[in-house]
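Hello,

Here is the structure you asked about. Please have it open while you read the notes below.

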Amino acid sequence: MNNSPDIVESNFPVREGLSEAAPANGRSAVTCRNLHQQRWQELLHLNRDLVAQSSPLLVSGHLTKVTGLVMEAVGLRMAVGSTCWIELPNNRIEAEVVGFAGDRLFLMPENDVQGLVPGARVTPAEPLRSPVTIGQRQQPRRRASDLARHLPVGEHLLGRVLDGAGRPLDQFGPLLESKSAPLQSRPINPLDRAAINEALDVGVRAINSLLTVGRGQRMGLFSGSGVGKSVLLGMMARYTSADVIVVGLIGERGREVKEFITDILGKEGLKRSVVVAAPADTSPLMRLQGAAYATTIAEYFRDQGKNVLLIMDSLTRYAMAQREIALAIGEPPATKGYPPSVFAKLPQLVERAGNGTEGGGSITAFYTVLTEGDDQQDPIADSARAILDGHIVLSRRLAEQGHYPAIDIEASISRAMNHLVSPQHFQQVQRFKHLYAHYQRNHDLISVGAYVQGSDPLLDQAIVLYPHLEHFLKQGMYESEAYASSMEKFSELFPNES
């Protein structure tokens, strides 16, 4: 059943069903005619309300300035976030209102601005509505989120690859669906969210046992470039137990889109997946919109009671797109060139993921965060770490040693883990980290032969167990380890403590 307040559909019986179900007597025939007449009256009233909400005149403005990707228009009064059309001699382009100053609107185009001329006509674009049919109920769009752009959602998106505007990038034809949802949904009351109390099997041994992820948790994957981030994402996309997978490829290389679909997801994985791609060569508006659209699709399936895996690569490119827009319209930079609006946008996007209401679906999200120069104190990384429910850090040192997945267990944490595993297992995890970290701190001393056995009993135990600990953390790219098997193998590392 659909619980979303933004998407309305009806199960009202059609006229033929009523006629067939009605007994052949006079009173029932009269009742059937009255019911049919009532439904037509409701349809007429609904259309009358829609006509009353529309503007009788087509108001338009014109362009006065184009600087880089930002355009200025006058003659219109439009809300921030609404869309408009800019007329060209033989075409038109779509733009979004990203700010205003006095009577000037700042517009950001969806594509490039080639072909624009001074004084080009600008007209508002009304949000699309689903076709009105008999027996259907449509809520009035009065909130700001309702007036924002609506894009297609539904079961028919499974197996499709779309851009940030909901247009197909694959060769499977246009989308034939009437359902749509706003890019900016209404937030869930935090008191209505279900608690994270069920472990999720991601198919990666180190994460299942040492960084247990709960269904509905939001995790960050922090790494530099070339450390194996895409490989780990692919493993989780293939092996995670989820009903639907939504992948948002935001601001990455265009080459990676096809590679992710063909090499990582594969045909079987794509059947239960929706891919939204906004590569690096698209406009910053499309990159922002692509991330919001991927989250909107995930919310739709969550409202249908499904368990969704949302993979977004990357949250850093999303922040950079917002920085481009904010600086272009004159917002002053704050922390390392990032305007304040960037740090306001991040929680608005991330908080949309997570569990729904009790008994409903869930969105378990993995966001990749690029750390420039492997600096974990990068402002975006630091902000993301504060709003996510845990972080998995990939180490370049481990990757250079051929250790995959290159998860830095010492620097990684799952904040919901203590609610998902037994106290005994949690103590074993702490002991694992303690022994592993103690060996790493004394690695140089051990490698040169300067350590004398017996000087440190804890280090003696770490030296004996370290080959087993390291082997446990390694896993092949095409090797899957179930949650129960991961827990069993982890307990075998400490047989005397089980």
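**Overall picture**

In the protein chain, 72% of the contacts with a separation of 6 or more are between residues 24 or more positions apart. Please keep in mind that this is a predicted model. The chain's secondary structure comes to 15 helices and 19 strands. Of its 498 residues, 51% are buried.

**The nonpolar cores**

Start with the cores. In soluble globular proteins, nonpolar side chains tend to be buried together. Here the largest nonpolar core has 58 residues. Which of them touch the most other members? They are Ile-207, Leu-210, Ile-392, Ile-407 and Phe-432. Helix H14, residues 457-473, gives the most to this core, with seven residues. There is also a second, separate core of 52 residues. Leu-310, Leu-346, Ala-353 and Val-369 are among its members.

Take Ile-407 as a worked case. Leave out residues up to four places away in sequence, and Ile-407 touches Ala-206, Ile-207, Leu-211, Leu-232, Ile-392, Val-393, Leu-394, Leu-398 and Ser-412. Two of the residues just named, Ile-207 and Ile-392, are also on the list of those touching the most other core members.

**Ser-209**

Ser-209 is found in helix H4, residues 205-210. Is Ser-209 buried or exposed? Its relative accessibility is 0%, so Ser-209 counts as buried. Its contacts, leaving aside neighbours within four places in sequence, are Met-417, His-425, Val-429, Phe-472, Ser-486, Met-487 and Phe-490.

**Aromatic residues**

The count of aromatic pairs comes to nine. One of them is Phe-432 with Tyr-436. Their ring centres are 6.3 Å apart and their planes are at 15°, so this pair is stacked. Both residues lie in helix H12, residues 423-441. They are four residues apart, about one turn of the helix. Both are buried.

Tyr-436 also pairs with Tyr-466, and that pair is stacked too. The distance is 5.7 Å centre to centre, with 25° between the planes. This pair links distant parts of the chain. Tyr-436 is in helix H12 and Tyr-466 is in helix H14, 30 residues apart. Tyr-436 has 2% relative accessibility, so Tyr-436 counts as buried. Tyr-466 has 10% relative accessibility and also counts as buried.

Which residues make up the aromatic cluster? Phe-432, Tyr-436, Tyr-439, Tyr-466, Phe-472, Phe-490 and Phe-494 form one cluster. Phe-472 and Phe-490 are also among the contacts of Ser-209.

Two arginines lie over ring faces. Arg-205 lies over the face of Phe-472, at 5.7 Å from the ring centre. Arg-92 lies over the face of Trp-85, at 3.7 Å from the ring centre.

**Two helices to look at**

Helix H6 covers residues 254-271 and has 18 residues. Its end C-alpha atoms are only 22 Å apart. A straight helix would reach 26 Å at 1.5 Å a residue. Where does H6 bend? The bend is at Leu-265, by about 100°. The buried residues of H6 are Glu-256, Val-257, Phe-260, Ile-261, Ile-264, Leu-265, Gly-266, Gly-269 and Leu-270. Leu-265, where the bend falls, is thus named among the buried residues. The buried residues of H6 pack against strand E8 (161-162), helix H5 (229-239), strand E13 (244-250) and strand E14 (273-278).

Now turn to helix H7, residues 284-303. Its 20 residues should span 28 Å at 1.5 Å a residue. The end C-alpha atoms are 29 Å apart, which agrees. H7 is mostly covered, with 20 of its 20 residues buried. Just after H7, Gly-305 takes a positive phi of about 90°.

**A loop residue**

Last, Ser-82. Ser-82 lies in the loop between strand E2 (70-74) and strand E3 (83-87). Its relative accessibility is 15%, and the cut-off for buried is under 20%, so Ser-82 counts as buried. Not counting residues up to four places away in sequence, Ser-82 touches Ala-95, Glu-96 and Val-97. Ser-82 and Val-98 are 16 residues apart along the chain, and their C-alpha atoms are separated by 8.4 Å.

Best wishes

Terms used. Residues are numbered from 1 along each chain as its sequence is written. This is a predicted model: local features need pLDDT of at least 70, side-chain atom pairs count only at pLDDT 80 or more; totals for chains, interfaces and linings use all residues. Side-chain values use heavy atoms; hydrogens and water are left out. A nonpolar core is a set of buried Ala, Val, Leu, Ile, Met, Phe, Trp, Tyr and Cys residues joined through side-chain atoms within 4.5 Å. Buried means under 20% relative accessible area, exposed over 50%, partly exposed in between (1.4 Å probe, protein chains only). Helices (H or I, at least four residues) and strands (E, at least two) are DSSP runs, numbered from the N terminus. Contact means heavy atoms within 4.5 Å. The expected span of a helix is 1.5 Å times one less than its number of residues. The bend at a residue is the angle between axes fitted to the seven residues ending there and the seven starting there. Rings of Phe, Tyr and Trp (its six-membered ring) pair if their centres lie within 6.5 Å; planes under 30 degrees apart count as stacked, over 60 as edge-to-face and the rest as tilted. A charge sits over a ring if NZ of Lys or CZ of Arg is within 6 Å of the ring centre and within 35 degrees of the ring normal.
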